[in-house]
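Here's a short tour of one corner of a two-chain model. Have a look at the structure first, then read on.

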Amino acid sequence: MSTKQLGIAVIATASVEIHHETSKSLEEMIFETSKRALNSLGLSADDMDAFVLGGNDQIDGRIISIMPSTGPVGGVNHDTTMIASSSEHALIYGYLRIMAGQSKRVLVASWAKPSESVDPDRAELVAAEPYLLRAVGMNETISAALQASRFLNGNAVDADEKFVAWPLTRKDLPGRGDSVHVVILAQEGSFEVGSQFAWICDAGWSTSSYELGARDLADFESLKIACNQISQRNLDSAPENWNAVEIGASSEYAVRAIHEQLPLKADVVVNGTGSLSTQFTSPFVLGLSRMMRAIDAVKNASTPGEKYVAAGIGFNGFAGQGASVIVFSNIKDVDND
Amino acid sequence: MTSNKNASANDSSAERFYEQTWDLQYKHALGRTVSRFLDGLAEGKIWGRRTTDGRVLVPARSYDDLTHEETGEWVEVANNGVIEMSTVVYEAFNGLPKPPYALAYVMLEGADTALVGYVKGLDLSVQSVAIEAVKIGRHVHVCFAKTPTGTAADYWFELEATS
């Protein structure tokens, strides 16, 4: 999707990431984070045209969670929809709402509170199709380990390491914890230019086969298709021109492989805000949380007049079945003017 | 559903939780294709289905998600193949076997997609030995349960003697 007619920007963000939130309910966490984002702009829920929610019901134990979560985000009596596939899809959908001319300001909120599941690993098993894969047993960690085995290429791994699932150790895997992320998007003209955190330059997304045995997990097919969508529309936003990229992959093995496989600059900053294991997150929100970090990279690294481009990459499904890429910059594309 | 209020009697502001367990049951229709695949396991056979462009999908699927066409001919593939990817799981996940256990995707001869299954018959007590045993490229064969259950638990892989 190109932003040739519309300038769309991130005008506010708010996040909370904590290992185990025991003093607040999930709804309170969503309410507080949403209010923080709105308050930072001096706006209220009534100033939003639409609310897009992204939640993982199986982990949080709130089925069709748009019902209990509409209130905390401020969506009562407003246009509110929910995306269940991934947190980054919620951000993309919010972006599309503005591109389509349906909204001028959209609040996107996504969350996961795995600490509320007594057994989040077991809840993850429900994601496997019920006929064969669930009978064998598959979850995010095991699928990430299977994928990582494809990257070894004969390279030995210290067999004395303490593996969660060979070849992955705890430090190779994303940290787990409770988190809420809120992003407010706006169309140019509905905010003061210069106050934005980052412009959205472009976005691409794609999905590969669900069947792990039908894919080469070492080849990030869906990611490459998503990047090609962007490159074909908007060369300025292509991977070759990224200054930084935040990758929410299933393991550090996957992050390194993506770094090698994408046509990135030699000096691109990859996951400059920290490794996967240092983050309190959950597979559902990992992508959006990395996009928030890409937004921060643009906001913090910008030198006036000097273009800085940072991309966020998120995945959904076992071993990166689906991929989403959003490209942010401090300078709106020239073509958009 | 069961529930249990868990709170401190002395401190009304203490962190409180509401613990619930939902006992939900599902009865998934397998469809004819998966049913025949599972029936084949009881006969010591691994069945695949040929796609319109000639690939053989294993496990058998009624449609090909790449071409978005129905699959056609049933193809019995060999009971031996090569490990395409693998892991040895060392941490416990509730609902899965007690670790350590080995899991692999295996490309069986005659198939174009890899089949997932446990790799059994290994000495997993020594980590380095276990990891070496399930490396990509190892040759394995399919073993079948003597008492089939009609599920994917009816087969597993074991290393070929020459592997």
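How many residue pairs are in polar contact across the interface of domain 2 of chain A and domain 3 of chain A?

## Where the domains meet

The rule finds 8 such pairs, both residues at pLDDT 80 or more. A polar contact is a pair of N or O atoms within 3.5 Å; within protein, one must be able to donate a hydrogen and the other to accept it, and residues adjacent in sequence count only if both atoms are side-chain atoms. On the domain 2 side, H7(A) gives the most, with 5 residues. There's also 1 salt bridge between the two domains (a side-chain nitrogen of Lys or Arg within 4 Å of a carboxyl oxygen of Asp or Glu).

## Ground rules

This is a predicted model: local features need pLDDT of at least 70, side-chain atom pairs count only at pLDDT 80 or more, and totals for chains, interfaces and linings use all residues. Residues are numbered from 1 along each chain as written, chains are lettered from A and ligands numbered from 1 in written order, and side-chain values use heavy atoms, leaving out hydrogens and water.

## Helix H7 of chain A

H7(A) spans residues 140-149, and 9 of its 10 residues are buried (under 20% relative accessible area, 1.4 Å probe, protein chains only), so the rest of the structure largely encloses this helix. Helices here are DSSP runs (H or I, at least four residues), and strands are too (E, at least two), numbered from the N terminus.

Those buried residues pack against partners including helix H9 (252-261) of chain A and strand E8 (80-89) of chain B. At the N-terminal end, Asn139(A) is the cap, with a side-chain oxygen 3.1 Å from the backbone nitrogen of Thr141(A).

Terms used: Buried means under 20% relative accessible area, exposed over 50%, partly exposed in between (1.4 Å probe, protein chains only). Contact means heavy atoms within 4.5 Å.
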